[in-house]
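Here is a short report on one model. It starts from a single residue and works outward to the sheet and the helices packed on it.

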Amino acid sequence: MPTIIYPPSIPWSWMFQRPQQLLGHFSASGQTVLYEDLGNFLQPGIRSLSPTLLLCQGISAMTIPHPRPRILWLTVPSHINLIHSYSPDLVIYDAVDEPKEEFSSWLPYYPAILEKADLIFCSSQSIYDYFSIRHPHVHLVPNGVDYVHFSPPPFKRPIDLPSGKPIIGYSGAIAPWVDWELLRVAIKENPDLNFVFIGALFQLNKFPLKFKNVFHLGLKNYYELPAYLHHFEIGLIPFLQTEMTKGCNPIKLYEYYAAGIRVLGTPLPELLTIPNINLESNHRLFSLRLRYLLEGKDYSKAQRMAYAQANDWGERAGRMLQPIFSRLLEMNNSV
């Protein structure tokens, strides 16, 4: 079985999303995963999450004896320049965002990625369209959800959730790509609703909204998150439609669906084919659709949850393993 090394990119416990989910599933299927955790550690060492999943906290994965072949798993484009430090047998780039606007600093590294990556995975169609005509080994694998984690109803209501009004919720990065003006219109026109935002600030100095019916609860632990989502009447994906968000396959969509809640978003390309979703770009119509959803009955909860279950991270990781092993075999035979 190969060893997968993930260079320091994001803390293991911060915004537990695609890298942690996939690498966790790879370790569960027998691959050794050495995750170089990001952070300042008073006592550098190894934190073992399982026999095959080790967090390297303040130390290099290369100091830990491990089986080969050695796979270097990259999600930060600039890390393509770290290849020489790891001497990998296979370099994988997992492309999760467009290198535009907020992520425009990524673009200068793309020529090196195209040259040095042996295998590229893409989380959205537009990202796949870019790489597939420039590299011979590219696969489309959208985001997913830990269905078992998000679907069960919670035992108790989180104490910091506001009460007395239906909750319209947002879970994810509090970032510039959110359409804050659209939200201002919806919030002003719906004073009888509470709008709850869960997530860390990203490229923003402060939370952008100030209304009596708006509550920013900050970043929540991944294990606490389902208890919040299950109290949302509607889950929001209110993103601006930009060149960057064109390549966004929102993880929150799958998490909302796994929790059984309805979703109202803006018409991002990756959302257009999602069943039972509600999309509006006009600010006024977005607000009216929100009211319409709350006043109507929900007939599609079972279908939404079934869609989430079919898009579990386990399915995604399994879909990736076949091309990984095929590429390893192909490269080994060419030596």
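## Thr-3 and its surroundings

Setting aside neighbours within four places in sequence, Thr-3 is in contact with Thr-32, Leu-34, His-66, Pro-67, Pro-69, Arg-70 and Ile-71. The model is a predicted one. Thr-3 belongs to strand 1, residues 3-6. Its relative accessibility is 0%, so Thr-3 counts as buried.

One of these contacts also shows up in the strand pairing. Thr-3 stands opposite Thr-32 in strand 2. Strand 1 and strand 2 (residues 32-37) run parallel, and four bridges join them.

## The sheet

Eight strands make up an open sheet with mixed pairing, in the order 3-4-2-1-5-6-7-8. The edges are strand 3 (45-50) and strand 8 (138-140); each has a single partner strand, so one side of each is left without a neighbour in the sheet. From one strand to the next, the twist averages 20 degrees. Strands of a sheet pair through backbone hydrogen bonds, either parallel or antiparallel.

At the strand 3 edge, the pairing is antiparallel: five bridges join strand 3 to strand 4. Ile-46 stands opposite Cys-56 in strand 4. The two strands, 3 and 4, form a hairpin with two residues between them.

## Helices on the sheet

How do helices pack on this sheet, and which strands does helix 1 touch? Helix 1 touches strand 1, strand 2, strand 3, strand 4 (53-57), strand 5 (70-74), strand 6 (90-95) and strand 7 (119-122). The direction of helix 1 makes about 150 degrees with that of strand 2. Helix 4 (residues 125-132) also packs on the sheet. Helix 4 touches strand 6, strand 7 and strand 8, and its direction makes about 165 degrees with that of strand 8.

## Burial of helix 1

Why is helix 1 described as largely enclosed by the rest of the structure? Nine of its eleven residues are buried, so helix 1 is largely enclosed. The buried residues are Arg-18, Pro-19, Gln-20, Gln-21, Leu-22, Leu-23, Gly-24, Phe-26 and Ser-27. Just after helix 1, Gly-30 takes a positive phi of about 115 degrees.

## Helix 1 against helix 11

Two packed helices are described by the angle between their axes and the distance between the axes. For helix 1 (residues 18-28) and helix 11 (residues 313-334), the axes come within 9 Å and cross at roughly 70 degrees. The two helices, 1 and 11, are therefore roughly perpendicular to each other. Their crossing is right-handed.

From helix 1, the contact involves Arg-18, Gln-21, Leu-22, His-25 and Phe-26. From helix 11, it involves Trp-313, Gly-314, Arg-316, Ala-317, Met-320, Leu-321 and Ile-324. The residues of this contact divide into seven nonpolar, three polar and two charged.

## Val-96

Arg-18 in helix 1 meets helix 11, and Arg-18 is also touched by Val-96. Not counting residues up to four places away in sequence, Val-96 touches Arg-18, Ser-123, Ile-127 and Gly-247.

Val-96 lies in the loop between strand 6 and helix 3 (110-116). Is Val-96 buried or partly exposed? With a relative accessible area of 23%, Val-96 is partly exposed. Val-96 and Leu-225 are 129 residues apart in sequence, and their C-alpha atoms are 22 Å apart in space.

Conventions
Residues are numbered from 1 along each chain as its sequence is written. This is a predicted model: local features need pLDDT of at least 70, side-chain atom pairs count only at pLDDT 80 or more; totals for chains, interfaces and linings use all residues. Side-chain values use heavy atoms; hydrogens and water are left out. Axes are lines fitted to C-alpha atoms, for helices over the stretch in contact, and angles run from 0 to 180 degrees between N-to-C directions. Angles under 35 degrees count as roughly parallel, over 145 as roughly antiparallel, 65 to 115 as roughly perpendicular and the rest as oblique. A crossing is left-handed if the near helix is turned anticlockwise from the far one by less than a right angle, and right-handed if clockwise. Contact means heavy atoms within 4.5 Å. Ala, Val, Leu, Ile, Met, Phe, Trp, Tyr, Cys and Pro count as nonpolar, Asp, Glu, Lys and Arg as charged, and the others, Gly among them, as polar. Buried means under 20% relative accessible area, exposed over 50%, partly exposed in between (1.4 Å probe, protein chains only). Two strands pair if DSSP finds at least two bridges between them.
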